[in-house]
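Please open the structure in a viewer and keep the selection panel at hand. The stops below are arranged so that each selection leads to the next.

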Amino acid sequence: MANRRCIQTLISRCFSISHSPNPSPYPILKTLTIAPHFLLQTEYSTVQSLTPTDPGKICSAFPSFSRHHCSDNRTSMGSIDNDGDEEEEEEEDDDDDKSEDEERVHLSGKSDEQKAEEAAEIGYKVIGPLEESDRVFKPYEPVFAVVQVGSHQFKVSNGDSIFVEKLKYCDVNDKLILNRVLMLGSTAQTIIGRPVLPDAAVHAVVEEHALDAKVIIFKKKRRKNYRRTKGHRQELTKLRITDIQGIAKPEPIPSMKTEKRATKKVEKTAVSA
């Protein structure tokens, strides 16, 4: 490397002398032709073939000078830069496409698959928003179910409303399916799961997200002048049970009140006649 640097400095001096008003580079070139014994054969041959009026050869032999004296290399470097710019633009387009896909994940923090997995662990599945054709309030059916939502269990029937701990990833008027059904029962039969019934499902609708009554937490340490009072309101979700599936539903038994009212009306009409 040291020998190469020496040769480059000598050639640069020759080139500067050739462009001076009174060029006299020949004595220096003569000194260059007598190469010392420690120079490499390739470097000596390149120096011997150079002339002071041929800057192109100097540029090709020593690329470090091409930046200032060679126009061909400038054009080649410009084409390389253009190719590099095109590749960078393509990479930016790919990055934009990836960023659009990641924006939804970044806004909520989790993807749709992760949300569905967490909801399944709690014990529910979001179907979609409630439609106008859906019948929420149906006639009473003599069927009950025991469902588990989170760490709590509820005994529900058609038309009941329950308060559970706030369910994430669901809005008001969303339809849900409660998957963890532990037991089903009716007037004719009872089905107990081990621990869950795989074919059973309880359909519900989210009515509102509310807060429970405030609970006061009071701490005291006697003779230490330590008293702390805090309040907590648990976030809750109100669900309306719309349907229970997985058990044969018996026909509803008419109540005795309606029969008595019907007989009274018949008697009144007979008396008036």
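The tour begins with the whole chain, passes through two sheets and ends with salt bridges.

**Before selecting anything**

This is a predicted model, in which local features need pLDDT of at least 70 and side-chain atom pairs count only at pLDDT 80 or more, while totals for chains, interfaces and linings use all residues. Residues are numbered from 1 along each chain as its sequence is written, and side-chain values use heavy atoms, with hydrogens and water left out.

**Stop 1: the whole chain**

Display the chain as a cartoon; eight helices and eleven strands can be located. Both kinds of element are DSSP runs numbered from the N terminus: helices are H or I runs of at least four residues, and strands are E runs of at least two.

Next, colour by accessibility. Of the 273 residues, 24% count as buried, where buried means under 20% relative accessible area, exposed means over 50%, and partly exposed lies in between (1.4 Å probe, protein chains only). The accessible surface of the chain comes to about 20200 Å², and 52% of that surface belongs to carbon and sulfur atoms. These areas come from the Shrake-Rupley method with a 1.4 Å probe; for residues, only the protein chains shown count as cover.

How are contacts distributed along the sequence? Among contacts between residues at least 6 apart in sequence, 67% join residues at least 24 apart; a contact means heavy atoms within 4.5 Å.

**Stop 2: the five-stranded sheet**

Select β1, β5, β8, β11 and β4. In that order these five strands form an open sheet with antiparallel pairing, two strands being paired if DSSP finds at least two bridges between them. Strands β1 and β4 stand at the edges with a single partner strand each, so one side of each is left without a neighbour in the sheet. The twist averages 35° from one strand to the next; axes here are lines fitted to C-alpha atoms (for helices over the stretch in contact), and angles run from 0 to 180 degrees between N-to-C directions.

Now restrict the selection to β11, residues 235-245. Nine of the eleven residues in this strand are buried, so that β11 is mostly covered. Add β8 (residues 201-211), which pairs with β11 in the antiparallel sense over ten bridges; Leu211 stands opposite Glu235 in β11. On adding β4 (residues 161-165), five bridges to β11 appear, and these two strands also run antiparallel. Here Phe163 stands opposite Lys238 in β11.

**Stop 3: the four-stranded sheet**

Select β3, β2, β6 and β7. They make up an open sheet in the order β3-β2-β6-β7, with antiparallel pairing. The edges are β3 (152-157) and β7 (190-192); each has a single partner strand, so one side of each lacks a neighbour in the sheet. In this sheet the twist averages 15° from one strand to the next.

Within the sheet, centre on β2 (residues 143-149) and β6 (residues 181-186), which run antiparallel and are joined by five bridges. Val146 stands opposite Met183 in β6.

**Stop 4: salt bridges**

Show the side chains of Lys, Arg, Asp and Glu. The structure holds eight salt bridges, each a side-chain nitrogen of Lys or Arg within 4 Å of a carboxyl oxygen of Asp or Glu.

Select Asp134 and Lys175, whose closest N and O atoms are 3.2 Å apart in a salt bridge. Asp134 lies in the loop between β1 (124-129) and β2 and Lys175 in strand β5 (residues 174-178), so the pair ties together parts that are 41 residues apart in sequence. Asp134 is partly exposed at 27% relative accessibility, as is Lys175 at 22%.

Move to Lys249 and Glu141, a salt bridge with its closest N and O atoms 3.2 Å apart. Lys249 is in the loop between β11 and α8 (256-272), while Glu141 is in the loop between β1 and β2, 108 residues apart. Lys249 counts as partly exposed at 35% relative accessibility, and Glu141 likewise at 23%.

Return to Glu235 and select Lys166 with it: they form a salt bridge with the closest N and O atoms 4.0 Å apart. The pair links Lys166, in the loop between β4 and β5, to Glu235 in strand β11, 69 residues apart. Both residues are partly exposed, Lys166 with a relative accessible area of 42% and Glu235 with 39%.

Finally, select Lys110, Glu118 and Lys168, which are joined into one network by salt bridges that share partners.
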